[in-house]
Amino acid sequence: MIKLAVIGDPIGHSLSPAVHGAALEALGVEYEYERVRVQKGGLAEYIEYARRTKTDGFNLTMPHKVDILPYLAEMDEEAERFKSVNTVCVTDGALYGHNTDGVGYRLAIERCGYSFGGSKVVILGAGGVVRTLALAAAVDGAAGICILNRTEDKAKQICDSLAGYDTLTEYGGFSSDLIAEKSANADILINATPLGMSGCEGQFEDFGFLDSLPKRAFVSDLIYNPSETKFLEYARLRGYKTQNGLAMLIYQALAADEYYLNKKFDKHKIYDAVIESLKI
Ligand code: NAP
């Protein structure tokens, strides 16, 4: 029996228990997976609880991915690189941190025949997830990374952090004209803003920028609720390959499960089982 959890705030709508549950069942592992609301500042208390209850590992979401760093005995290369942790294994009371967001996204787009290596990547948004994806793209040798964001300075800061990599970086604001101009060369276009997400009032001003994308381009939205945002719908109707954020969510969970179980498995096969089990 393995005892796992997801912690964060808010946590009520997290899909993690369902996704990990489906994966562990497909793997034939006996498990417990709890969802714990841990508010900002509550990590020390939760860690004590995790040790006391012999929790084997936990996933972290907002607002703990960076705050957990001082509590770790060690972290892996990707977590070190991202300065952010979404998976913690507890061994003899010591905490070992991992970050599976980058590998989750890489596996998700690999499934559609794409990869960062050699690609020109245009990312809309410059929040926490973009910091991770832009770095993963740079590490994998993307030909170019362009980050467009409402608050331009945040896009600049992420580009500045990529200075040591052999990738051309650009940043800019969030106007439709600029998105169209930069999309004209994109191999991969990613929406990493909440525009179009269920419960978010905002929406793209127009989708004319999708007309300037090369036909080979892959269009990715990190949102998974709704399963097809307007952004993805317009892209699909224009003939582009599209993918929503569920694939990244599932693959990052499967990569975390490999750490918890300390064994490798065929993540594409278990992904199919999770999708089948969740009936999505
Ligand atoms: P975040 O740190 O809060 O950043 C949000 C970004 O969206 C910021 O760049 C923000 O711009 C921009 N934005 C917000 N409202 C906007 C608006 N009305 N118009 C234009 N830009 C707007 O969030 P995050 O953690 O990076 O997550 C971003 C998205 O990815 C969310 O939809 C989240 O659900 C999704 N996500 C999915 C997965 C997955 O596994 N599928 C994982 C992580 C995140 P400013 O900088 O100007 O505020």
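## A tour from the aromatic pairs to the largest pocket

A search of the whole structure, which is a predicted model, finds 12 aromatic pairs. Select Y105 and F116 to begin: their ring centres lie 5.6 Å apart and their planes meet at 25°, under the 30 degrees that counts as stacked, so this pair is stacked. The two residues link distant parts of the chain, since Y105 sits in helix α4 (residues 101-111) and F116 in the loop between α4 and β7 (120-124), 11 residues apart. Y105 and F116 are both buried.

Move next to F207 and F209, whose ring centres are 6.1 Å apart and whose planes stand at 45°, so that this pair is tilted. F207 and F209 are also buried. If the selection is widened to include F174, F204, F231 and Y234, it shows one aromatic cluster, to which F207 and F209 belong as well.

Return now to α4 and colour the helix by burial. Of its 11 residues 8 are buried, so α4 is largely enclosed by the rest of the structure. The buried residues are D101, G102, G104, Y105, R106, L107, A108 and I109. Following the helix is G113, which has a positive phi, near 85°.

The next stop is the largest nonpolar core, which has 29 residues; select Y105, F116, I123, I145, I147, I188 and I190, the members that touch the most others. The elements giving two or more residues to this core are α4, β7, α5 (128-139), β8 (144-148), α6 (152-161) and β10 (188-191), and the largest share, 7 residues, comes from α5. Centre the view on I123 and, leaving aside its neighbours within four places in sequence, look for its contacts with V130, A134, I145, C146, I147, L148, I190 and A192. Apart from this core lies another, of 28 residues, among them I11, A108, L249 and L261.

Which residues lie nearest the centre of the largest pocket? Select T61, M62, K65, Y224 and L249, which hold that place among the 38 residues of the lining. The space in this pocket is about 1500 Å³. Two or more lining residues come from each of β3 (57-60), α5 and α9 (246-261), and α5 gives the most, with 4 residues. Colouring the lining by residue class would show 17 nonpolar, 18 polar and 3 charged residues.

As a last view, keep α5 selected: this helix gives the largest share of the largest nonpolar core, and α5 also gives the most to the lining of the largest pocket.

Conventions
Residues numbered from 1 in each chain as written. Predicted model: local features only at pLDDT ≥ 70, side-chain atom pairs only at ≥ 80, totals over all residues. Heavy atoms only, no water. Phe/Tyr/Trp six-rings, centres within 6.5 Å; stacked < 30°, edge-to-face > 60°. Buried < 20%, exposed > 50% of the residue type's maximum accessible area, 1.4 Å probe, protein only. Core = buried A, V, L, I, M, F, W, Y, C linked by side-chain atoms within 4.5 Å. Contact = heavy atoms within 4.5 Å. 1 Å grid on protein atoms, 1.4 Å probe; cavity = no way out; pocket = protein on both sides within 12 Å on 5 of 7 lines; lining within 4 Å. Points joined across faces, edges and corners; volume = space filled by probe spheres on them. Nonpolar A, V, L, I, M, F, W, Y, C, P; charged D, E, K, R; others polar.
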